[in-house]
Amino acid sequence: MIEACIFDLDGVIVDTAKYHFLAWKRLADFLDIPFSEEDNEKMKGISRVASLEKLLTLGNKKFNESDKTKFCHCKNEWYLQYVNEMTRDEILPGVIPFMEHLRLNNVKTALGSASKNARHILELTHLTDDFDAIVDGNDVVKSKPDPEVFTKGANLLCTAAAHTVVFEDSAKGIDAAISGGFLTVGIGLEEHLGHANIVIQTFEGLTLNFLKTHLN
Ligand code: B16
Ligand code: MG
């Protein structure tokens with residue numbers, strides 16, 4: 001039985017993953033650190049500070065805390081330049097019909113994102129009121145792969161993890177959902193998300209019946 005669905009934001013509801021990449025790439029170029037899309041894949045789902053640490057490790061660079069704070073600030077300013085241009089058109093295909101389908105079938109929904117910009121993005125895309133609960137990077141102490149963001153979401157919805165589906169585009173997010181005892185759907189490629197219960201490429205045409213059949 002599926003009581004609720006928890007959605008990651010970046011790369012699941014909207015394609016902001018590409019904007020995170022462009023902003024990190026700009027910082028990487030500034031710091032003279034080679035940075036590829038494959039490197040970016042490992043930063044998906046983890047916090048801004050943890051992402052910076054990964055980037056600096058890639059480049060074998062060390063900086064003091066004050067510099068690191070400035071780098072995170074710059075990256076976020078560059079990221080927001082892209083994000084602030086966003087409209088409802090950037091909601092990924094099939095997301096809105098699938099959320100309507102859930103509402104019609106009395107399945108609750110929550111957002112479970114590591115991003116501190118999540119509420120801003122939901123406002124820009126007019127999605128805020130479509131969720132029964134929102135948990136983002138401002139609400140959690142531990143970032144993915146810790147399950148806190150999803151556990152808090154399920155608590156707000158009053159649903160059990162075993163009856164709640166988490167949709168995630170990052171390997172770390174799937175790790176988090178598995179360790180919290182959730183049902184998992186990877187959005188993207190099998191090669192990155194093969195540890196999820198199922199992997200799909202898009203929400204287009206997705207139904208509760210399909211999930212019930214394939215998550216059992
Ligand atoms: P921010 P999600 C995550 O969002 C992104 O996947 C990850 O790349 C980013 O570093 C993290 O949010 C923090 O984002 O800098 O906006 O606070 O995928 O969990 O929705
Ligand atoms: Mg994501």
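This report describes a metal site, two helix contacts, some buried residues and a few backbone details of one protein chain. The structure is a predicted model, and every value below was computed from its atoms.

## The magnesium site

The magnesium ion (ligand 2) is held by three protein donors, namely Asp 8 through OD, Asp 10 through O and Asp 169 through OD, and these lie 2.0 to 2.1 Å from the ion. Read along the chain, the donors of this magnesium ion follow the spacing D-x1-D-x158-D. Asp 8 has a relative accessibility of 4%, and because the cut-off for a buried residue is under 20%, Asp 8 counts as buried. Asp 10, at 11% relative accessibility, likewise counts as buried.

## Two contacts made by helix H3

Helix H3, which covers residues 48-58, packs against helix H4, residues 65-83, at an angle of about 110°, and the two axes are 10 Å apart. Angles of 65 to 115 degrees count as roughly perpendicular, and therefore H3 and H4 are described as roughly perpendicular to each other. On the side of H3 the contact is made by Arg 48, Val 49, Leu 52, Glu 53 and Leu 56, while H4 contributes Lys 68, Phe 71, Cys 72 and Asn 76. Sorted by character, the residues of this contact between H3 and H4 are five nonpolar, one polar and three charged.

H3 also packs against helix H1, residues 17-30, here at an angle of about 40° and with axes 11 Å apart. With that angle, H1 is oblique to H3. The residues that make the contact are Trp 24, Leu 27 and Ala 28 of H1, together with Arg 48, Ser 51, Leu 52 and Leu 55 of H3. This set divides into five nonpolar residues, one polar and one charged. The crossing in which H1 passes H3 is right-handed.

Which residues of H3 take part in the contact with H4? They include Arg 48 and Leu 52, and Arg 48 and Leu 52 are also listed among the H3 residues that touch H1.

## Buried residues and their neighbours

Thr 16 is found in the loop between strand S1 (4-7) and H1, and with a relative accessibility of 0% it counts as buried. Leaving aside residues up to four places away in sequence, Thr 16 touches Asp 10, Gly 11, Tyr 79, Val 83, Met 86 and Ile 121. One of these neighbours, Asp 10, is also a donor of the magnesium ion (ligand 2).

Val 165 has its place in strand S4, residues 164-168, and Val 165 too counts as buried, at 0% relative accessibility. Its contacts, again without residues up to four places away in sequence, are Ile 2, Ala 4, Cys 5, Ile 6, Leu 183, Val 185 and Leu 215. For one of them, Val 185, which is 20 residues apart from Val 165 along the chain, the two C-alpha atoms are separated by 7.1 Å.

Ile 200 lies in strand S6, residues 198-200, and at 10% relative accessibility Ile 200 counts as buried. Not counting residues up to four places away in sequence, Ile 200 touches Val 185, Gly 186, Ile 187, Gly 188, Leu 206 and Phe 210. Val 185 is therefore listed as a neighbour of Ile 200 under the contact limit of 4.5 Å between heavy atoms, and Val 185 is also among the residues touched by Val 165.

The relative accessibilities of the buried residues named so far are set out here.

| Residue | Relative accessibility |
|---|---|
| Asp 8 | 4% |
| Asp 10 | 11% |
| Thr 16 | 0% |
| Val 165 | 0% |
| Ile 200 | 10% |

## Backbone details in loops

Most residues other than glycine have a negative phi, and most peptide bonds are trans. Asn 60, although not a glycine, has a positive phi of about 55°. Asn 60 is found in the loop between H3 and H4 and is exposed, with a relative accessible area of 70%. Asn 106, also not a glycine, has a positive phi of about 60°. The loop that holds Asn 106 runs between helix H5 (95-104) and strand S2 (108-112), and Asn 106 counts as exposed at 70% relative accessibility.

What is the peptide bond from Lys 144 to Pro 145, cis or trans? This bond is cis, with omega near 20°, and Pro 145 has its place in the loop between strand S3 (133-135) and helix H7 (148-157).

Conventions
Residues numbered from 1 in each chain as written. Chains lettered and ligands numbered in written order. Predicted model: local features only at pLDDT ≥ 70, side-chain atom pairs only at ≥ 80, totals over all residues. Heavy atoms only, no water. Donors = N, O, S within 2.8 Å, 3.2 Å for Na, K, Ca; no water. Buried < 20%, exposed > 50% of the residue type's maximum accessible area, 1.4 Å probe, protein only. Axes fitted to C-alpha atoms, helices over the stretch in contact; angles between N-to-C directions. Helix = DSSP H or I, 4+ residues; strand = E, 2+ residues; numbered from the N terminus. Parallel < 35°, antiparallel > 145°, perpendicular 65-115°, else oblique. Nonpolar A, V, L, I, M, F, W, Y, C, P; charged D, E, K, R; others polar. Left-handed = near helix turned anticlockwise from the far one by under 90°.
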